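Me: I would like a close look at a single part of this structure, followed outward into its surroundings. Please take it step by step.

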Amino acid sequence: MNILKDAIVWYDDCNRSDVARVGGKNASLGEMVSILSKKGIPVPAGFATTADAYWQFIEINDLKPLINSTLVGLENGSVSLPEAGAQIRQAILRGKWPEDVADGLSKAYAKLSTQMDRKEIDVAVRSSATAEDLPDASFAGQQESFLNIRGKDALLDACRRCYASLFTDRAISYRNAKGFDHLKVALSIGIQAMVRSDKGSSGVLFSIDTETGFNKVVLINAAWGLGENVVQGTVDPDEYVVFKPFLENEALVPIIEKRLGGKKWKLVYGPEGRATRNVPTSKAEQASFVLVDEDILTLARWACIIEDHYRCPMDIEWAKDGKSGAIFIVQARPETVQSQRSMSLLRTYKIKSKGKILVKGLSIGDAVVAGQVCLIDSPEDIAHFIDGSILVTANTDPDWVPIMKRAAGIITDHGGRTSHAAIVSRELGLPAIVGTGDATDQLHTEQEVTISCAEGDEGLVYEGIADFEAAEVTLKDIPESETKIMLNLANPAAAFRWWLMPVDGVGLARMEFVIGNHIRIHPMALVHFDNLRDEDAKVKIAEMTKGYGDKTDYFVDKLARGLARIAATFYPKPVIVRMSDFKTNEYANLLGGAEFEPDEENPMIGFRGASRYYSPAYRDGFALECRAIRVLREDLGFSNVIVMIPFCRSTIEADRVLEVMAENGLRRGEKGLHVYVMCEIPSNVILAKDFAERFDGFSIGSNDLTQLTLGIDRDSEMLSELFDEQDPAVKWMIQSVIREAHKAGTTVGLCGQAPSDHPEFAKFLVDCHIDSISVTPDSFVSVKKHVAAKEALRRVASTSISRGRE
């Protein structure tokens with residue numbers, strides 16, 4: 001028997017059909033080396049030991065009787081789990097290698113070193129468990145891996161430690177829980193040339209959004225140094241999101257999000273006798289993005305190639321060599337959570353009352369849960385954990401899984417969306433907030449808190465037990481309608497949650513939400529930063545805009561990418577972006593804003609909307625908004641974005657705004673740009689024909705139109721009974737503008753709460769032959785059904801009339 005052939009297999013000679021022989025991890029590496037390398041996917045060279053090699057090791061050291069008797073003792077309670085695991089591991093570590101297997105490993109290692117033009121190459125040694133009769137079983141994260149292993153003796157020792165890790169406490173528990181026979185599970189070991197990412201960077205990427213299952217994006221996490229810090233959640237990595245459909249167009253840069261992580265540590269090669277160690281990163285490394293745009297796009301394109309080959313969403317690890325600058329794919333496996341979720345059911349949460357925010361982080365999942373905190377520093381303290389509590393700790397690894405299974409929710413100080421805590425929480429269906437930075441300092445055991453992962457990609461921990469409700473939205477059997485039903489959206493972070501809804505686009509995307517919640521700085525304070533009088537604001541702005549040479553680029557970048565998340569969710573359907581519509585008091589609350597805003601008695605009908613855009617007091621700020629729209633449409637590629645002008649009082653004002661837009665590169669009709677106007681002032685209705693000559697569409701803002709038609713302050717409690725969007729005068733206004741718009745060949749829609757609150761109002765709009773209705777996501781299904789039902793009745797009535805005439 002040729003032991004070298006039976007005990008060792010090179011990645012070039014295996015593929016994903018060899019799971020029973022080399023485990024899922026090594027089979028996938030073989031698949032990529034043997035097939036995907038021809039499509040431009042670079043994977044470090046390497047080889048794997050086979051399941052046969054493992055069984056030879058077990059057999060020559062006569063370990064089966066010891067393993068069996070020890071596990072029988074564990075089953076009958078005469079031996080504890082830690083004692084059983086330790087006995088088996090120690091026996092394996094004392095074991096001797098079969099001569100032929102050891103010789104095969106040594107020769108393969110020498111051959112790999114020669115291939116890489118090195119005397120003794122440093123390698124990564126990774127475990128890959130398998131079971132002959134369970135080729136689809138997943139043993140991810142249960143066994144150990146070792147980095148920077150150099151020399152034949154060190155390699156044999158690392159491989160022996162991999163075998164021993166098949167009997168860690170967590171691995172034994174996992175197999176017991178799954179009902180696997182311990183003596184039918186083998187271990188393959190992957191030996192792969194190291195990528196010098198200790199001098200570069202590494203991370204994890206998914207070819208799907210990990211929280212919503214949105215399948216048109218690639219999510220990339222990145223940190224300095226070796227990749228284990230990202231996987232284990234030791235660091236808070238950078239995060240990038242790339243829109244897949246535009247990757248084939250090399251003229252575009254479809255990176256729709258770039259989030260800077262803390263990255264306070266990096267894992268590097270250790271001194272003699274120590275394979276790796278964690279060292280602090282420099283301030284420059286913490287303040288800069290790990291990857292340049294070219295690298296981000298390269299990884300995203302590779303993710304698409306790998307996903308297309310495997311025909312399923314993928315979980316991929318990558319590494320960038322700091323010496324050569326080359327990037328490699330070092331692991332790839334199918335994503336197993338979002339790709340399995342129901343495509344016809346959405347579960348939504350609404351928080352009705354809540355306490356103050358205690359800590360923030362990245363939200364994992366989309367649920368809300370309330371309970372008592374149980375702060376645990378180590379998995380050794382498992383006895384102190386109270387079932388159903390909210391686990392709070394610094395970060396987790398596979399040893400934490402038994403505790404995590406008993407938790408109602410999880411909060412960690414460190415980690416990103418691809419960390420161990422995040423991945424396990426998703427698999428367990430638990431809401432989690434990772435990367436909070438200071439949860440273990442701010443929270444304490446027995447404290448009552450509420451975890452909210454239902455408000456976007458930022459997770460929030462509220463003080464106390466919040467009042468919230470959950471609801472399920474079924475996407476089955478939603479009828480078709482001639483009237484387009486669109487969504488009102490404001491928060492880019494939450495946009496992906498609605499990607500499954502069969503909507504006709506976004507009827508209102510509120511730019512001011514992005515400015516107020518993501519940018520938080522008054523645009524004029526960025527334009528005139530050097531002359532700001534508010535020194536405190538100046539210091540804060542300088543910190544927030546760190547890394548941007550021109551501070552106005554911060555505004556443009558954040559605004560363009562924020563809106564891109566909304567535009568991407570429903571591409572290629574239209575997304576109508578309303579230019580900023582803050583009132584002066586709201587603008588003044590932005591950082592640095594007080595210096596640039598007048599004090600008005602009635603901001604609601606004051607210096608707002610279109611009047612700001614051509615005014616010297618804000619014209620430069622509006623120019624930044626226009627720049628952001630150009631980046632959004634032309635650089636990122638979202639030509640489905642329509643611009644909408646709010647609170648435009650007259651045609652003279654309309655002409656001025658369109659002229660300023662053109663000066664800033666947004667000329668109506670060029671490059672497919674459509675410009676709409678909000679219809680929220682009686683003058684928009686009275687002069688509808690004239691406005692239709694200047695704009696491509698109307699969007700009725702029913703709240704403001706009701707307020708100004710009836711002369712009622714919509715915020716007045718004393719007049720609240722009189723504020724009625726179904727008042728005959730308001731309905732006359734709506735009916736009139738729809739009629740005049742259609743005469744002029746212009747589309748008209750409505751974005752307001754009335755169709756959501758009053759089904760009869762939606763039916764009135766259908767009778768008026770409105771082109772579209774835009775509603776909140778939680779109202780979409782009911783409004784869609786009301787509209788479809790009304791249209792059906794109208795068709796029946798029309799048919800009856802036609803027959804009567806015959």
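Leaving aside its neighbours within four places in sequence, which residues is Q192 in contact with?

Reply: The model is a predicted one, and what follows should be read with that in mind. Q192 is found in strand β5, which covers residues 185-193. Once neighbours within four places in sequence are set aside, Q192 is in contact with Y11, L29, V43, P44, A45, G46, V123, A124, R126 and V330. One of these partners, A124, is 68 residues from Q192 in sequence, yet the two C-alpha atoms are 5.2 Å apart in space. The relative accessibility of Q192 is 2%, and because buried means under 20%, Q192 counts as buried.

Another of the contacts, V330, leads on to a sheet, since residue 330 falls within strand β13 (327-334). That sheet is open and has six strands, in the order β9-β8-β7-β6-β12-β13, with antiparallel pairing. Its edges are β9 (255-259) and β13, each of which pairs on one side only, and the twist from one strand to the next averages 15°. Helix α11 (residues 293-310) packs on this sheet, where it touches β6, β7, β8 (238-243), β9, β12 (314-320) and β13, and its direction makes about 35° with that of β13.

Within the sheet, strands β6 (residues 201-206) and β7 (residues 217-224) are joined in the antiparallel sense by six bridges, and S202 has A223 in β7 as its bridge partner. Towards the other edge, β8 and β9 also pair in the antiparallel sense, over four bridges, with V241 standing opposite E257 in β9. Four of the five residues of β9 are buried, so this edge strand is largely enclosed by the rest of the structure. The strand β10 (residues 265-269) likewise has four of its five residues buried and is therefore largely enclosed. β10 runs antiparallel to strand β11 (residues 276-280), to which five bridges join it, and V268 stands opposite R277 in β11.

From the β8 and β9 end of the sheet one can pass to the nonpolar interior by way of F638, which touches F243, F246, I256, A564, A567, A568, Y571, L632 and R633, residues up to four places away in sequence not being counted. F638 is among the residues with the most contacts inside the largest nonpolar core, together with I645, M661, F698, I700 and I734, and that core has 111 residues. Helix α19 (residues 551-570) supplies the largest share of this core, 11 residues. Apart from it lies another core, of 50 residues, which includes V101, I149, I172 and A186. In soluble globular proteins, nonpolar side chains tend to be buried together.

M661, named above for its contacts in the largest core, also takes part in a meeting of two helices, in which R619, F622 and C626 of α22 meet V657, V660, M661 and E663 of α23. The axes of α22 (residues 619-635) and α23 (residues 651-663) come within 10 Å and cross at roughly 60°, which makes α22 oblique to α23. The crossing of these two helices is right-handed.

Methods. Residues are numbered from 1 along each chain as its sequence is written. This is a predicted model: local features need pLDDT of at least 70, side-chain atom pairs count only at pLDDT 80 or more; totals for chains, interfaces and linings use all residues. Side-chain values use heavy atoms; hydrogens and water are left out. Two strands pair if DSSP finds at least two bridges between them. Axes are lines fitted to C-alpha atoms, for helices over the stretch in contact, and angles run from 0 to 180 degrees between N-to-C directions. Contact means heavy atoms within 4.5 Å. A nonpolar core is a set of buried Ala, Val, Leu, Ile, Met, Phe, Trp, Tyr and Cys residues joined through side-chain atoms within 4.5 Å. Buried means under 20% relative accessible area, exposed over 50%, partly exposed in between (1.4 Å probe, protein chains only). Angles under 35 degrees count as roughly parallel, over 145 as roughly antiparallel, 65 to 115 as roughly perpendicular and the rest as oblique. A crossing is left-handed if the near helix is turned anticlockwise from the far one by less than a right angle, and right-handed if clockwise.
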